[in-house]
Amino acid sequence: SNAFASAALMCTYHDALDLYGDDALDFTACGTSIAAAVATGLFRIMSDYEWVTDVLTGAVVGSLSGILIPWILHFQGGARPPLSGGDAPTMTFYPLMGDGVLGVGAIGVL
């Protein structure tokens, strides 16, 4: 389930944000992550850790959560126009000072 959720999450973000700036590269990243998830499922079946039905159920549940959660939370169900990967985020740095704490924090907004 985790492998398929990760693969679906990668595919969702590569599709929505055009992270590499090239459709072929984004498709390759998505395909590679799906192939790794399928290989993970097959290896678990071959080593007798899981039944085929367990892997198929995990693939469905993981893929749905990897697609639906970012679609609902970040892309607002498709209502917001797609983001472009070339837009630089706005970064703000601020000091952190307190009881035994000294450092710098950062917040970024797309």
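This is a short walk through a predicted model, from the overall layout to single residues.

Start with the whole chain. The protein has 110 residues, and buried ones make up 21% of them. Its secondary structure comes to three helices and two strands. Read from the N terminus, the order is α-α-α-β-β. The helices therefore precede the strands, given that elements are numbered from the N terminus. Consider next the contacts between residues at least 6 apart in sequence. Of these, 47% join residues at least 24 apart. The accessible surface of the protein is about 7900 Å². Carbon and sulfur atoms account for 68% of that surface.

Now take helix 1. This helix covers residues 2–17. It has 16 residues. From first C-alpha to last, helix 1 reaches 22 Å, close to the 22 Å expected at 1.5 Å a residue. Its buried residues are Phe4, Ala5, Ala7, Ala8, Cys11, Thr12, His14, Ala16 and Leu17. What covers them? Helix 2 and helix 3 are included in the cover.

Thr12 gives a closer view of helix 1. Its relative accessibility is 14%, so Thr12 counts as buried, the limit being under 20%. Setting aside neighbours within four places in sequence, Thr12 is in contact with Gly66, Ile67, Pro70 and Phe75. Among these partners, Ile67 also belongs to a nonpolar patch on the surface.

Just after helix 1 comes Asp18, with a positive phi of about 50°. Most residues other than glycine have a negative phi. Asp18 is not a glycine, yet its phi is positive. Asp18 sits in the loop between helix 1 and helix 2. With a relative accessible area of 31%, Asp18 is partly exposed.

Tyr20 lies in that loop between helix 1 and helix 2 too. Is Tyr20 buried or exposed? Its relative accessible area is 51%, and the cut-off for exposed is over 50%, so Tyr20 counts as exposed. Tyr20 still has partners. Leaving out residues up to four places away in sequence, it touches His14, Leu25, Asp26 and Ala29. His14 is one of the buried residues of helix 1. Asp26 and Ala29 are among the buried residues of helix 2.

Helix 2 follows, running over residues 23–46. It has 24 residues and reaches 34 Å from first C-alpha to last. That is close to the 34 Å expected at 1.5 Å a residue. The buried residues here are Asp26, Ala29, Cys30, Ser33, Ala37 and Gly41. Helix 1 and helix 3 are included in what covers them.

Ser33 shows how one of these positions is placed. This residue is in helix 2. Its relative accessible area is 12%, which makes Ser33 buried, since the limit is under 20%. A polar atom of the Ser33 side chain lies 2.8 Å from the backbone oxygen of Cys30. Beyond its neighbours within four places in sequence, Ser33 is in contact with Ala7, Met10 and Cys11. Of these, Ala7 and Cys11 are among the buried residues of helix 1.

After helix 2 comes Asp48. This residue is in the loop between helix 2 and helix 3. Its phi is near 60°, a positive value in a residue other than glycine. Asp48 counts as exposed, at 68% relative accessibility.

How many salt bridges does the structure hold? There is one. Side chains of opposite charge can pair when their charged atoms come close. Here the side chains of Arg44 and Glu50 meet, at 2.8 Å from N to O. Arg44 is partly exposed, at 37% relative accessibility. Glu50 is partly exposed as well, with a relative accessible area of 25%.

The last stop is helix 3, residues 52–73. Val60 is found there. Val60 also helps make a nonpolar surface patch of about 760 Å². The other members of this patch are Leu64, Ile67, Leu68, Ile69, Trp71, Ile72 and Leu73. Helix 3 has another role in the picture too. It is included in the cover over the buried residues of helix 1, and likewise over those of helix 2.

Notes: Residues numbered from 1 in each chain as written. Predicted model: local features only at pLDDT ≥ 70, side-chain atom pairs only at ≥ 80, totals over all residues. Heavy atoms only, no water. Helix = DSSP H or I, 4+ residues; strand = E, 2+ residues; numbered from the N terminus. Buried < 20%, exposed > 50% of the residue type's maximum accessible area, 1.4 Å probe, protein only. Polar contact = N/O pair within 3.5 Å; in protein donor to acceptor, adjacent residues only side chain to side chain. Contact = heavy atoms within 4.5 Å. Expected span 1.5 Å × (residues − 1). Areas by Shrake-Rupley, 256 points an atom, 1.4 Å probe, with all protein chains shown as cover. Patch = residues over 30% accessible without salt bridge, like charges linked within 9 Å, V, L, I, M, F, W, Y side chains within 5 Å. Salt bridge = Lys/Arg side-chain N within 4 Å of Asp/Glu carboxyl O.
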